[in-house]
Amino acid sequence: QVQLVESGGGLVQAGRSLRLSCAASGSIFSINAMGWYRQAPGKQRELVAGITSGGSTNYADSVKGRFTISRDNAKNAVYLQMNSLKPEDTAVYYCNALIRTWRSDPRDYWGQGTQVTVSS
């Protein structure tokens, strides 16, 4: 069994920063890509940022220059540093990882989500 546990969400004023963390645990053989998605009320879930096992990153246009994704492979963890937050960044943020366990082929796993609210 694999679990992704997120932390670091909260309520902040526009222009401030937050750092989200996500740690994977369980019968993990390897982790390929990891990423952060978000879903605002009434909108579809969208990719915010992704990072490969080798460290290559990609970002949604709306967060480029403000958000930074990183990972610690030794800890099976991924982070999202969010600076210069805007009210439109308000959403539930979900951690995602493509994980191969000792018993199965790689598949997507999701965290439970953490609320980020940015006030104007």
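## Arg-45 over two rings

Let's start with a charge sitting on aromatics: Arg-45 lies over the face of Tyr-94, at 3.7 Å from the ring centre. Arg-45 also lies over the face of Trp-110, here at 4.7 Å from the ring centre. Keep in mind that this is a predicted model.

Trp-110 will come up again below, as a partner in a ring pair. As for its surroundings, Trp-110 has a relative accessibility of 37% and counts as partly exposed.

## Aromatic pairs

A pair of aromatic rings is described by the distance of the centres and the angle of the planes. How many aromatic pairs does the count come to? The count gives two aromatic pairs. In one of them, the ring centres of Phe-29 and Trp-102 are 4.6 Å apart and the planes stand at 85 degrees, so this pair is edge-to-face; the cut-off for that label is over 60 degrees. Phe-29 belongs to strand 4 (residues 28-39), while Trp-102 sits in the loop between strand 9 (91-101) and strand 10 (107-110), so the pair ties together parts that are 73 residues apart in sequence. On the solvent side, Phe-29 is partly exposed, with a relative accessible area of 41%, and Trp-102 is exposed, at 61%.

Then there's Tyr-37 with Trp-110: the centres of their rings are 5.0 Å apart and the planes are at 65 degrees, so this pair is edge-to-face as well. Tyr-37 lies in strand 4 and Trp-110 in strand 10, so here too the pair ties together parts that are 73 residues apart in sequence. Tyr-37 is partly exposed, with a relative accessible area of 23%.

## The four-stranded sheet

Which order do the strands of the open four-stranded sheet follow? The order is 1-3-8-7, and the pairing is antiparallel. Strand 1 (2-7) and strand 7 (67-72) are the edge strands, each pairing on one side only. From one strand to the next, the twist averages 15 degrees.

Strand 8 is a handy place to look at the pairing. Six bridges join strand 3 (residues 18-26) to strand 8 (residues 77-82), and the two run antiparallel. For a feel of the register, Ser-21 stands opposite Tyr-79 in strand 8, and Ala-23 stands opposite Ala-77 in strand 8. Strand 7 also pairs with strand 8 in the antiparallel sense, over six bridges, and there Arg-71 stands opposite Val-78. Strand 7 and strand 8 form a hairpin with four residues between them, and Asn-76 in the turn has a positive phi of about 55 degrees.

## The nonpolar core

Is strand 8 mostly covered or mostly open? Strand 8 is mostly covered, with five of its six residues buried. The largest nonpolar core has 31 residues, and Trp-36, Leu-80, Met-82, Tyr-93 and Ile-99 have the most contacts inside it. Strands 1, 3, 4, 5 (46-51), 7, 8, 9 and 11 (114-119) each supply at least two residues of this core. The largest share, five residues, comes from strand 9.

What does Tyr-93 touch, leaving out residues up to four places away in sequence? Its contacts include Trp-36, Leu-80 and Met-82, which also appear among the core residues with the most contacts. Tyr-93 touches Tyr-37 as well, the residue whose ring pairs edge-to-face with that of Trp-110. Other contacts of Tyr-93 include Glu-6, Leu-20, Arg-38, Val-48, Phe-67, Gly-113, Thr-114 and Val-116.

Terms used:
Residues are numbered from 1 along each chain as its sequence is written. This is a predicted model: local features need pLDDT of at least 70, side-chain atom pairs count only at pLDDT 80 or more; totals for chains, interfaces and linings use all residues. Side-chain values use heavy atoms; hydrogens and water are left out. Rings of Phe, Tyr and Trp (its six-membered ring) pair if their centres lie within 6.5 Å; planes under 30 degrees apart count as stacked, over 60 as edge-to-face and the rest as tilted. Buried means under 20% relative accessible area, exposed over 50%, partly exposed in between (1.4 Å probe, protein chains only). A charge sits over a ring if NZ of Lys or CZ of Arg is within 6 Å of the ring centre and within 35 degrees of the ring normal. Two strands pair if DSSP finds at least two bridges between them. Axes are lines fitted to C-alpha atoms, for helices over the stretch in contact, and angles run from 0 to 180 degrees between N-to-C directions. A nonpolar core is a set of buried Ala, Val, Leu, Ile, Met, Phe, Trp, Tyr and Cys residues joined through side-chain atoms within 4.5 Å. Contact means heavy atoms within 4.5 Å.
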